[in-house]
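The following note was prepared for colleagues examining this model. It considers internal space first and the nonpolar cores afterwards.

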Amino acid sequence: MSTGHNIILAIALLSGVQFTTYAQEEFPLAPRIADAFIQKYGDWYYMTGTPCPGDWEMQWVGLWKSRDLVNWSGPMLAFEGDPRDRPMWASEIHRKGDEYYIITTCNTWNPGNTFMVQKAPAPDGPYSFYSFLPKRGLDPSIFVDTDGRSYLLDSEWIAPLSDDWTRITNDYVGNRANKEGPFMVKSDNDYLRFYARIDPTYYMEMEVLKADNPYSTDYVEQGEVLTGPWLPGHGCITVSPDGSELWYAAHANTDGSWETRALAIDPMRFDEGRPVPTSRNDQPKPAPSISRTVNLARGKVANSTAFASGHEPHKAIDGDKSTWWEAVVTPADTIAPYLEVDLMGEFLIDGIAARTPDKKKADAEVTVSCDRINWSAPSSDRTARYVRFTPASPCRIADVEITRVPYHIPSRGKVVASFSMTDDVKFTVPATGLYDIEYVVESRALDSSWALYDNSTLVARETVANTGPAGNNTRIISFDVPLSADRVHNFKLVPLSGDYTIQKITVYSQK
């Protein structure tokens, strides 16, 4: 990596207040990833994609973790494939029930298959092989519709996916030349398919389908939704920790080479059920919010059974109480009319209410889900991404309010101590509480790991995957380590496996 380079990269690092611009020589400490895909599960974010720098011999899946979309720990090794699976790239993480799945592109030895699915009992893993999915392609994505049916997308096609995610149940359809990296959002019952346009340049576009299901060739291009420097394209949409904002995650590319792709996120919003076009720039911008008390439904997306003209689902979450969603019920309907709100991430919810245009409580059954497949009544100990209102009788809903359980989302505080492991590591902390321990690491193996002791007490155990060519570093964070103000702390690092060098350890307080 050359130094003295004046190219700057707008990404989220270290600051709990705003995004900062970084010189190219500082770039090795960024989350090095292409094709970023982020999911919020409870109070944590998990990110998959294509670890960078890499090469066409890569045969592993990386995983990153964060609490604030700013400070990322990783890559950790989520799954190591067979040498015959090379290359592996563009991974996505998904939840179904209480299990987690990663789907990735691989050049597998199994003829006619290029998508591999791995499975784990928790988002952190460990992941094991689950299935191959047929069809030559790249950049797979899974979309679950409001009816609970699953679909497999790739760079050019879409096909229905079996309920267990082990096979497609009908042939692929579609032919979308010069596009890659798709992901799908449903809004006002329309299917919004986002993708990276790769000719003549690289940016994020969207197309829309008005149909009963997404299995179709009739998508209509709507134009760019994210453009600007560093080629934004293959990515996803995620939500801020407090639920008040939406953000695009799509890698930045400072000079067009494989090695310089890294995570960049850009604010986005929906208006009238459609994304407002966004232009990426190199100016500092606020970091994702962690402190607002908000109505989680506001500004997200909504869907329903059939609705009356001019009374689309988004009218129930637009903040305007003079507009409303109104269902259309016909004798042929086989399911009760419902309104569904997608929060775009999971939250522990403590309040759900729906009101009619005359400000009365809507008489509706409420159910919640994390995956659109498994639905249940709300409870105080389960997170939810989707909230569904099923009225007892035909009604109008003008205002939906959803609030999360009060929770202090920690942000990065002051540096308490910073040292290399060659130092005589003794320090104190100003107050008893939880601290974050950050390691700057260069790893030459996929399974590097170590244990951190405070005097004789084990306080953390961490792993890191390969960070690429010599000299490339990444960050690994031990989150929420309890430290006492009543004692002198003495850290000792014990190697467990792999081949790595820890350049620096920094202890941060939490705010």
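**Cavities, pocket and cores**

1. Strand 3 makes the greatest contribution to the lining of the largest cavity, supplying 5 residues. The model under discussion is a predicted one. The largest cavity encloses about 440 Å³, and 28 residues line it, with Q39, H94, I142, R385 and Y386 lying nearest its centre. Elements that give two or more residues to this lining include strand 3 (33-41), strand 7 (88-96), strand 14 (179-187) and strand 30 (383-391).

2. By class, the lining of the largest cavity comprises 15 nonpolar, 4 polar and 9 charged residues.

3. The structure contains 7 cavities of 30 Å³ or more. The second largest holds about 80 Å³; its lining is formed by 13 residues, of which R32, C52, P75, N466 and T467 are the closest to its centre. That lining divides into 7 nonpolar, 5 polar and 1 charged residues.

4. As for open space, the largest pocket has a volume of about 460 Å³. Among its 18 lining residues, T146, D147, K186, D212 and Y338 are the closest to the centre. The pocket lining consists of 6 nonpolar, 6 polar and 6 charged residues.

5. The largest nonpolar core numbers 41 residues, and F194, I237, I397, V400 and I402 have the most contacts inside it. Strand 28 (residues 339-355) gives the most to this core, namely 7 residues. A second, separate core has 32 residues, including M47, W64, A78 and W247.

6. Beyond its neighbours within four places in sequence, V400 contacts several residues, among them N295, R298, L339, V341 and F389.

How values were computed. Residues numbered from 1 in each chain as written. Predicted model: local features only at pLDDT ≥ 70, side-chain atom pairs only at ≥ 80, totals over all residues. Heavy atoms only, no water. 1 Å grid on protein atoms, 1.4 Å probe; cavity = no way out; pocket = protein on both sides within 12 Å on 5 of 7 lines; lining within 4 Å. Points joined across faces, edges and corners; volume = space filled by probe spheres on them. Nonpolar A, V, L, I, M, F, W, Y, C, P; charged D, E, K, R; others polar. Core = buried A, V, L, I, M, F, W, Y, C linked by side-chain atoms within 4.5 Å. Buried < 20%, exposed > 50% of the residue type's maximum accessible area, 1.4 Å probe, protein only. Helix = DSSP H or I, 4+ residues; strand = E, 2+ residues; numbered from the N terminus. Contact = heavy atoms within 4.5 Å.
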